[in-house]
Amino acid sequence: MQSSANPLPTVAKSRRQIAKMKRELRSLKPMPLRVGDERDEQPQKPSLVDRPVKRLDQLEPVRLTRHRLIQLLLRPAHEQSVLGCFVRVRTSVQGEPPIYHVAEIMDIKQVALGYLVDELPTNIGLRLRYQGTVTTHELNDISNVSCTQPEFQLWYDWCVNQAIRPPTLGLVASKRMELHHALQSEAKAVALIKQGFTLIMRPVPRAGILERHGAKYPWRLQRPPQVEAQPEPQSQQEDLQLLSEMDESEAG
């Protein structure tokens, strides 16, 4: 009798264990095959500081005018502060219609001859990147006017096509703070810079007063029309012919 009563508790215990295992299996979620392969994981959006600039007003805080560049040149630590900033540079030569591009400052170089920029002697040139080229430009090529929307769109489309990431909003904010601290430092005296400048100055090309200062005449110079020689009257020709004949007769 005892041997027939023993299997009952064992069967009931095994059933309870199976039911418990089923409940645990139902409560478990399917485990991913590898790390980061969860199906329910939502893609995280980048934070605000990591988002690249997409509008002109977002890039404007790190755009330097020619006037601001001159102010930074008078400060001792100007090289590090201007790197990574942007300018509006004129890429067309003098005498042609002006063409401007949005360019990034990649490096600062010294040119062979000195030149004047707003009556300040300097030999500094900027290595600018725009439209796939890196070219050295003088400070006189930098515009004081803000960039236009077509110019910004051309630069942004070029960055997208070349897989170059535009600066992020966080980088713009940090560079803006760096420029603020650089401008707060003590500037050198312009008179001392002019006195200590010993490089050979580039000769200024002779042109009009406006062209010497980097401007252009708003009108086309006109010359007075040339006066054509009018034919002499017939009577006057006859008188001259008569005088010539009289001279010949007297000479004979």
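Here is a short tour of the sheet in this predicted model, the helices that pack on it, and a couple of cysteines.

**Stop one: the whole sheet.** Select β1, β2, β3 and β4 together. You're looking at an open sheet of four strands, in the order β1-β2-β3-β4, with antiparallel pairing. Now pick out β1 (86-90) and β4: these two stand at the edges with a single partner strand each, so one side of each has no neighbour in the sheet. Turn the view a little and look for the twist, which averages 40° from one strand to the next.

**Stop two: the helices on the sheet.** Add residues 66-73, which make up helix α4. This helix packs on the sheet and touches β1, β2 and β3, and its direction makes about 120° with that of β3. Next, bring in helix α6, residues 149-161. Helix α6 also packs on the sheet, with β1, β2 and β3 as the strands it touches; its direction makes about 105° with that of β2.

**Stop three: strand β3.** Hide the rest for a moment and select residues 120-130. How many of the eleven residues of β3 are buried? Nine are, so the strand is largely enclosed by the rest of the structure. Burial here means under 20% relative accessible area.

**Stop four: from β2 into β3.** Select residues 100-117 to light up β2, which runs antiparallel to β3 and is joined to it by nine bridges. Zoom in on L116 and you'll find P121 of β3 standing opposite. The hairpin here has two residues between the strands, and D118 is worth a click: its phi is positive, near 55°.

**Stop five: from β3 into β4.** Move along to residues 133-138, strand β4, which is joined to β3 by six bridges and again runs antiparallel to it. Which residue in β4 is the bridge partner of Y130? That's T133. This hairpin also has two residues between its strands, and Q131 takes a positive phi near 50°. Farther along the pair, select G125 and look across to E138 in β4, which stands opposite.

**Last stop: two cysteines.** Click on C85, which has 0% relative accessibility and therefore counts as buried. Then find C159, at 3% relative accessibility, so this one is buried too. If you feel like hunting for disulfides, you can save yourself the trouble: a search of the whole structure finds zero.

Technical notes. Residues numbered from 1 in each chain as written. Predicted model: local features only at pLDDT ≥ 70, side-chain atom pairs only at ≥ 80, totals over all residues. Heavy atoms only, no water. Buried < 20%, exposed > 50% of the residue type's maximum accessible area, 1.4 Å probe, protein only. Pairing = 2+ DSSP bridges. Axes fitted to C-alpha atoms, helices over the stretch in contact; angles between N-to-C directions. Contact = heavy atoms within 4.5 Å. Disulfide = S-S within 2.5 Å.
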